[in-house]
Amino acid sequence: MDANIISPKVMPVQEMDVYTDTRDYLAPAREDARKMGFADWFICDIDAHHLETVHWHEVIEHIEDPVVRHQAMTYQKERFGAPPYGLNGDLGLRYQDVGGRIPHQSGQREKVEEGDVHRDVVLTRRAMEAMCIDKMVVFPTPMLFLGMHPQVEMEVLLTRAYNRWLTERVTPGDDGIGALALLPFNSPEDACRTVEDFADKPGVIGFTVTSTRYKPVHANEYMRLYRMIEETGKPIAFHAGYHWQDPSLATCNSFLGMHALGFAWCNIVHMTNWILNGIPERFPNLKSVWIESGLAWVPFVMQRLDDQYLMRMSEAPLLKQMPSDYMRQNCWYTCQPMEKSSEVGLKATFEMINAKTQLLYASDWPHFDFDAPRVIAEIDWLDEEAKRNILGMNSARCFGFEPKLKWK
Amino acid sequence: MPTIRVSQVSEIEDGGKIVIEADGEQIGIFRIGDDFYAWKNRCPHQGGPICQGRIFNKVIEVLDADLKSRGRDYDEESTHIVCPWHGLEFDIRTGQFAGASDVKIMALDGYPTQVQDGDVYVII
């Protein structure tokens with residue numbers, strides 16, 4: 001043994017758990033950000049999440065129907081151990097953390113000092129700072145399943161309450177936090193009211209359809225909604241989800257299989273109807289953003305629709321271009337969870353979707369399959385301009401906001 | 001260039017066609033009004049016998065002022081020949097694939113036609 005024996009420093013965090021501080025959890029991402037100089041890059045995360053049910057007692061105070069609000073508040077106060085009032089979260093939510101293996105998916109019980117801003121603002125800022133993200137759009141989690149709620153009026157009341165809570169309590173807390181107001185899509189009239197009432201609220205940069213639902217997106221009753229959204233200049237987003245009780249997905253005996261297919265399937269169906277019914281022809285300035293389905297499904301749908309359209313054009317008479325042309329020009333895609341196992345496949349996908357202009361970075365933090373910004377930055381066959389576009393500038397252009405550097 | 005005398009004008013009705021074989025080539029001759037169009041009997045998609053397919057007018061979708069769909073209709077001004085193999089539709093006047101009209105996907109190979117003294121000719 002020589003004299004150069006080094007004494008180790010024992011790491012302060014020996015095992016990550018649900019109490020671990022986000023900044024400790026994401027320390028490697030912060031180190032990557034430092035090495036890669038991300039402070040000089042505008043990085044926008046179009047899809048991160050918070051767990052709205054942690055603050056459900058606050059959300060339900062914003063329910064506008066006094067009777068339902070009273071019921072909800074009584075329930076939250078008195079029903080010990082019961083799930084949040086009014087929600088219909090899917091069975092699969094219980095499996096997301098892989099049996100406790102991925103604690104940040106299980107919960108974020110880290111300490112947050114009481115302060116001027118909401119706890120969710122603090123948690124979001126911690127993630128932004130760690131990953132050097134300048135703008136982060138937050139979505140709810142169990143509410144993504146509201147499209148399957150048997151009571152349409154409950155979808156209306158709860159999405160409205162959430163939108164109000166979010167834009168009153170969370171987004172005003174930091175101008176780097178953005179939101180895509182939830183549309184109660186099963187009630188087109190109320191969805192239009194959402195656009196009227198929330199388009200100009202703090203932090204609202206667009207509107208979300210939670211994709212887990214069985215309403216056809218091309219139904220006539222949505223045309224007014226699309227026109228209204230187009231007139232705001234803000235995009236409409238389709239945030240994917242799963243539905244394990246869907247008869248075909250119910251044959252999957254693992255969350256892995258059900259999730260892999262389910263998160264793509266809902267958007268595959270909606271995209272097919274969106275394109276073949278000529279929504280981009282009817283509303284050429286309406287930008288659609290397809291969120292959290294990964295990317296591999298896009299070339300699949302492009303090729304399937306192009307191939308079939310050639311033989312059955314009379315069934316899609318509004319099209320003036322090939323289906324894939326609309327998907328490449330009128331649609332934007334978030335990358336997460338980006339399928340990286342095949343470089344050949346990923347490269348072809350980037351080319352087919354015109355990633356340099358249409359691809360938007362998304363982390364999905366704190367969910368189990370989140371992607372840190374390095375997933376884009378470390379692609380060696382992308383030039384720097386493309387990386388900067390995907391990591392932030394494409395979002396700034398698509399959503400129409402100033403690319404302000406927060407961490408420089 | 002060989003010239004084929006196809007038929008008398010009156011033998012091809014308006015909106016109709018005749019498919020011939022001459023000099024080793026199969027050709028469809030289509031009549032729309034007083035105009036005649038000649039296309040090779042090979043679909044550019046997979047080589048199907050396009051000219052032996054059926055003729056359909058173009059299908060359009062009717063939108064109201066609110067951009068709601070009010071069903072489908074035929075465009076009487078636009079006539080397609082439909083390949084009997086896979087259903088690809090081509091505009092009889094231009095030979096272009098009739099869908100995705102803003103982009104040129106594929107087209108039929110054609111020949112010039114001529115009408116002289118009441119007879120229809122194709123120059124191949």
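**A buried strand, a shared core and a two-chain contact**

All 5 of the 5 residues of strand S2 (residues 135–139) of chain A are buried, so this strand is largely enclosed by the rest of the structure. Here a residue is buried if 20 or more other C-beta atoms lie within 10 Å of its own, exposed if 12 or fewer, and partly exposed in between, with C-beta atoms placed from the backbone. Helices (H or I, at least four residues) and strands (E, at least two) are DSSP runs, numbered from the N terminus. The model is a predicted one, in which local features need pLDDT of at least 70 and side-chain atom pairs count only at pLDDT 80 or more, while totals for chains, interfaces and linings use all residues. Residues are numbered from 1 along each chain as its sequence is written, and chains are lettered from A and ligands numbered from 1 in the order in which they are written.

Both faces of S2(A) are covered, with Lys135(A), Val137(A) and Phe139(A) buried on one side and Met136(A) and Val138(A) buried on the other. Two strands pair if DSSP finds at least two bridges between them. S2(A) pairs in the parallel sense with S1(A) over 4 bridges, and 2 bridges join S2(A), again in parallel, to strand S3 (residues 177–182) of chain A. Met136(A) takes part in both pairings: Asp45(A) stands opposite Met136(A), and in S3(A) its bridge partner is Ile177(A).

The largest nonpolar core (buried Ala, Val, Leu, Ile, Met, Phe, Trp, Tyr and Cys residues joined through C-beta atoms within 7 Å) holds 140 residues, and Met131(A) and Tyr333(A) are among those that touch the most other members. Helix H10 (residues 255–276) of chain A gives the largest share of this core, 10 residues. Beyond its neighbours within four places in sequence, Met131(A) is in contact with residues including Leu26(A), Ala33(A) and Pro373(A), contact being C-beta atoms, placed from the backbone, within 7 Å.

Asp40(A), by contrast, is exposed, with 11 other C-beta atoms within 10 Å. Asp40(A) lies in the loop between helix H2 (27–36) and strand S1 (44–49) of chain A.

Turning to the two chains together, their contact takes 20 residues from chain B and 19 residues from chain A. On the chain B side, strand S5 (54–63) and strand S6 (69–82) are the elements that give two or more residues, and S5(B) provides the largest share, 4 residues.
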